Amino acid sequence: MCKSRVVPNFERLRKVLLLQGEPDRIPIVELGVDDSVKKAFLGRVSLTAKDNVDFWHEAGYDYINLWLNYGLRHDSSVEKIADIDNDSKDRVWAPEGKGAITTWEEFEKFPWPDKKISYQNFEETNLYLPDGMKIIAGEGNIFTHTWEMMGFEYFSFALVENPDLVEAIFNKIGEIIYSAFKGVMSCPNLGALWFTDDIAYTEGLMVSPKVLRKYLFPWIKKIGDLAKENNLPYIYHTDGRLWEVLDDLIDCGINAIHPMEPKAWNAVEVKKKYGNKLCLIGNIDLDRICRGTTVEIEEMVKERIKNLAKGGGYCLGSSNTIPNYVSIENYKAMLEASFKYGKYPI
């Protein structure tokens with residue numbers, strides 16, 4: 001097991017997210033780690049709420065990331081895959097053609113969640129949370145849920161042919177997600193909010209910036225205002241390249257951008273242009289974590305620290321999440337290298 005080399009201290013992470021200078025070391029950050037990786041790391045055959053807390057603690061994180069449970073479901077394609085323990089599990093893929101909602105009648109009949117949002121996972125986690133650690137509440141996907149519900153092909157046509165329906169779905173989902181974030185504000189030990197919504201490919205945005213500015217960004221800002229009102233850092237996750245809308249996201253209240261895919265960004269260029277406005281998170285190539293060597297991982301970590309960490313404003317982590325097919329040895333190598341080389345001064 002790769003035992004934590006540091007005492008958890010969320011103030012370390014908060015300082016970096018808010019660009020308040022250099023802490024004692026570079027925080028490590030992941031949006032998610034697959035349960036099979038957690039089990040392999042801990043040497044457990046199952047995961048309880050306490051086991052989940054133990055993983056984030058022992059791996060060296062200053063927080064635990066928890067997802068909001070708001071009950072929104074829609075039809076998707078399912079494929080069986082094998083995880084790190086060679087057990088079969090489902091992977092869900094979004095519909096590309098026609099989705100569940102393409103007419104006003106389907107919109108009205110759709111089983112939108114109307115039950116009270118459960119925060120049981122937050123309550124259970126607080127029973128075991130070590131001193132110094134806090135919870136980051138994560139959710140979002142207002143854009144993603146909208147196009148998945150319509151099917152991306154139909155959604156694209158509807159932006160021109162049925163914009164009122166598109167707007168209605170955006171706002172319906174936006175209200176659900178906003179309410180989930182608003183409800184978690186009373187949770188003890190809440191340290192930050194993490195909004196997730198993939199809006200880009202490695203080459204650029206999935207849709208025009210005008211679409212995002214009209215339908216999505218007002219909701220990101222509304223959640224950002226909630227974070228600001230409660231003095232919480234606000235992180236945004238999306239894959240892909242975002243040059244055209246980085247300023248928009250900053251105006252929405254975003255403090256940090258994740259995961260900085262190497263194929264999509266030159267992170268040094270982003271640091272140079274936006275390092276005084278945005279904390280950068282990630283940028284350790286997930287492909288190399290999965291298929292490279294431990295020596296390659298260590299060298300990559302050293303290079304990222306050298307070029308991105310001076311002055312603060314950088315959290316080290318993968319360029320996406322830690323999936324079930326990752327190399328556990330390489331994942332541990334990334335953590336070990338961060339402990340070894342990530343101490344300030346750089």
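Colleague: How do α6 and α7 sit relative to each other?
Modeller: In this predicted model, they are roughly perpendicular (65 to 115 degrees). Helices here are DSSP runs of H or I with at least four residues, and strands are E runs of at least two.

Colleague: What are the angle and the axis distance?
Modeller: The angle is about 105° (on a scale from 0 to 180 degrees, between N-to-C directions of axes fitted to C-alpha atoms). Helix α6 covers residues 142–150, helix α7 covers 152–161, and their axes are 6 Å apart.

Colleague: Nice. Which residues make the contact?
Modeller: On α6, Phe143, Thr146, Trp147 and Met150 take part (contact being heavy atoms within 4.5 Å), and on α7 their partners are Phe152, Tyr154, Phe155 and Ala158.

Colleague: How many of those are nonpolar, polar or charged?
Modeller: Seven are nonpolar, one is polar and none is charged. Here Ala, Val, Leu, Ile, Met, Phe, Trp, Tyr, Cys and Pro are nonpolar, Asp, Glu, Lys and Arg charged, the others, Gly among them, polar.

Colleague: Switching topic: where does Asn320 lie?
Modeller: Asn320 is in the loop that runs between β9 (314–318) and α14 (328–341).

Colleague: And what does Asn320 touch?
Modeller: Leaving out residues up to four places away in sequence, Asn320 touches Glu30, Leu31, Asp239, His258, Pro259 and Leu286.

Colleague: Which side chain shares a polar contact with Asn320's?
Modeller: That of Thr321, at 3.1 Å (an N or O pair within 3.5 Å, one able to donate a hydrogen and the other to accept it; for sequence neighbours, both must be side-chain atoms).

Colleague: Any small print?
Modeller: Residues are numbered from 1 along each chain, and side-chain values use heavy atoms, without hydrogens or water. Local features need pLDDT of at least 70, side-chain atom pairs count only at 80 or more, and totals for chains, interfaces and linings use all residues.

Key: Parallel < 35°, antiparallel > 145°, perpendicular 65-115°, else oblique.
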